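Subject: Structure handover

Hello,

Here is the structure I promised to pass on. Please open it alongside this email. My notes follow below.

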Amino acid sequence: MGRVDTDPLSTDTSSTTEPTSQNRSSYAMNVQKLLRTSLLSVLALLLVGGLATAQAQVDRVVDASDNTGNFTTIQGAIDAADPNEVIEVKATGPYNENLTVDVSGLTIRRDPDGDRPVVNGGTSGPAFDITTDGVEIDGFEIRRELGSGASNNKFVINAGTRTGGSLTITDNVIIGEITSNSADEDLFGVRSNVTADITGNTFESENSKEDPDDTMFGVKASNSGAGGSVIGIDDSGDGEGNTFKGMRVGLQYSDADNITVRGNNFTNINDEEVKFFNDSGVVLEATVESNDFGNSDGSGAVGEGVVF
């Protein structure tokens, strides 16, 4: 019987031929292409899943309008939280609250897709009273009034009862409203006796009293536990400078070593933009650089027993 030639385009499988080297090479290339496609698909799924996980890293939502949140008050969310949770706050307030943050590691932040939520402590106490470690406050407008009915605890954000741990205050607008001050007492934007990263905030005073000399301090710390704090940009270039405007003193640190003040802007400061002193007689070290003191009446950076 003679040899039967087969049509290479035929779909008839009744007769077969040995695979050629060309066919084997084409098959291998198809397998490699399939594997690459499958691998890319898996990587895409992992990336989408990772983004979804990152976006879902919100444990509790606060919405004063009661439309989308688990809570209508920020304090309610704090009281229900476990350590290291994330609380996201919708801009549906204002939230007229005096908040006690006593759960360690909490991040309390704005909804990234919304406006700044407003937290107003009024005259009765700090808007935020932080009594524990590792807290981050991110993205709010935070107000406190110093008036005739104000309590003695005259801070917008108070972390002064802590003597150790860490604190992050970032991307907030921190406003002290001074309506009357017969006792000539001071109002402080942030009081922090712990190591703090204070970055990307705007501190400002709204002063409507007759005496034009403002009594607001932007940041004040008076404890060695505040050593190592960064106001603005750190040594690695991370962070963002703060803006201090229309107040008596921008920053005042006493008895706190190794403070970094970098990349900040000071506008219309009456006394010192940056002031260091210590009561213990020990020479302290501070890095103060790349700050803009240009539009102020103050004396720049001053220190008693401080090495700049």
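Which backbone atom lies 3.0 Å from a polar atom of the side chain of Ser 229? The backbone nitrogen of Ala 196 does. Before going further, note that this is a predicted model.

**Ser 229**

Ser 229 sits in the loop between strand S15 (216-221) and strand S16 (230-232). Its relative accessibility is 0%. The cut-off for buried is under 20%, so Ser 229 counts as buried. Leaving aside residues up to four places away in sequence, Ser 229 touches Val 194, Thr 195 and Ala 196. Tyr 253, Asn 258, Ile 259 and Thr 260 are also among its contacts. Ala 196 therefore appears twice here: Ser 229 touches Ala 196, and the 3.0 Å pair joins the Ser 229 side chain to the Ala 196 backbone nitrogen.

**Backbone points to check**

Three places deserve a look on screen.

- Gly 93 and Pro 94 are joined by a cis peptide bond. Omega there is about 15 degrees. Pro 94 belongs to the loop between strand S2 (86-89) and strand S3 (99-101).
- Asn 84 is not a glycine, yet its phi is positive, at about 70 degrees. Asn 84 lies in the loop that runs between helix H2 (74-80) and S2. Is Asn 84 buried or exposed? Its relative accessibility is 57%. The cut-off for exposed is over 50%, so Asn 84 counts as exposed.
- Asp 255 also has a positive phi, near 60 degrees, and is a residue other than glycine. Look for Asp 255 in the loop between strand S18 (249-254) and strand S19 (259-262). Its relative accessible area is 22%. That falls between the 20% and 50% limits, so Asp 255 is partly exposed.

**The cavity**

How many cavities of 30 Å³ or more does the structure hold? The structure holds 1. The volume of the largest cavity is about 40 Å³. Its lining includes Ile 130, Thr 132, Asp 133, Gly 134 and Val 135. Ala 159, Arg 162, Gly 164, Ser 166 and Leu 167 also line the largest cavity. Val 194 completes the list. By type, the lining divides into 5 nonpolar, 4 polar and 2 charged residues.

Val 194 links two of these notes. Val 194 lines the largest cavity, and Ser 229 touches Val 194.

Best wishes

Conventions
Residues are numbered from 1 along each chain as its sequence is written. This is a predicted model: local features need pLDDT of at least 70, side-chain atom pairs count only at pLDDT 80 or more; totals for chains, interfaces and linings use all residues. Side-chain values use heavy atoms; hydrogens and water are left out. Helices (H or I, at least four residues) and strands (E, at least two) are DSSP runs, numbered from the N terminus. Buried means under 20% relative accessible area, exposed over 50%, partly exposed in between (1.4 Å probe, protein chains only). A polar contact is a pair of N or O atoms within 3.5 Å; within protein, one must be able to donate a hydrogen and the other to accept it, and residues adjacent in sequence count only if both atoms are side-chain atoms. Contact means heavy atoms within 4.5 Å. On a 1 Å grid over the protein atoms alone, a cavity is a set of points where a 1.4 Å probe fits but cannot get out, and a pocket is an open set with protein on both sides within 12 Å along at least five of seven lines; lining residues have an atom within 4 Å of a point. Grid points are joined across faces, edges and corners, and a volume is the space filled by probe spheres set on the points. Ala, Val, Leu, Ile, Met, Phe, Trp, Tyr, Cys and Pro count as nonpolar, Asp, Glu, Lys and Arg as charged, and the others, Gly among them, as polar.
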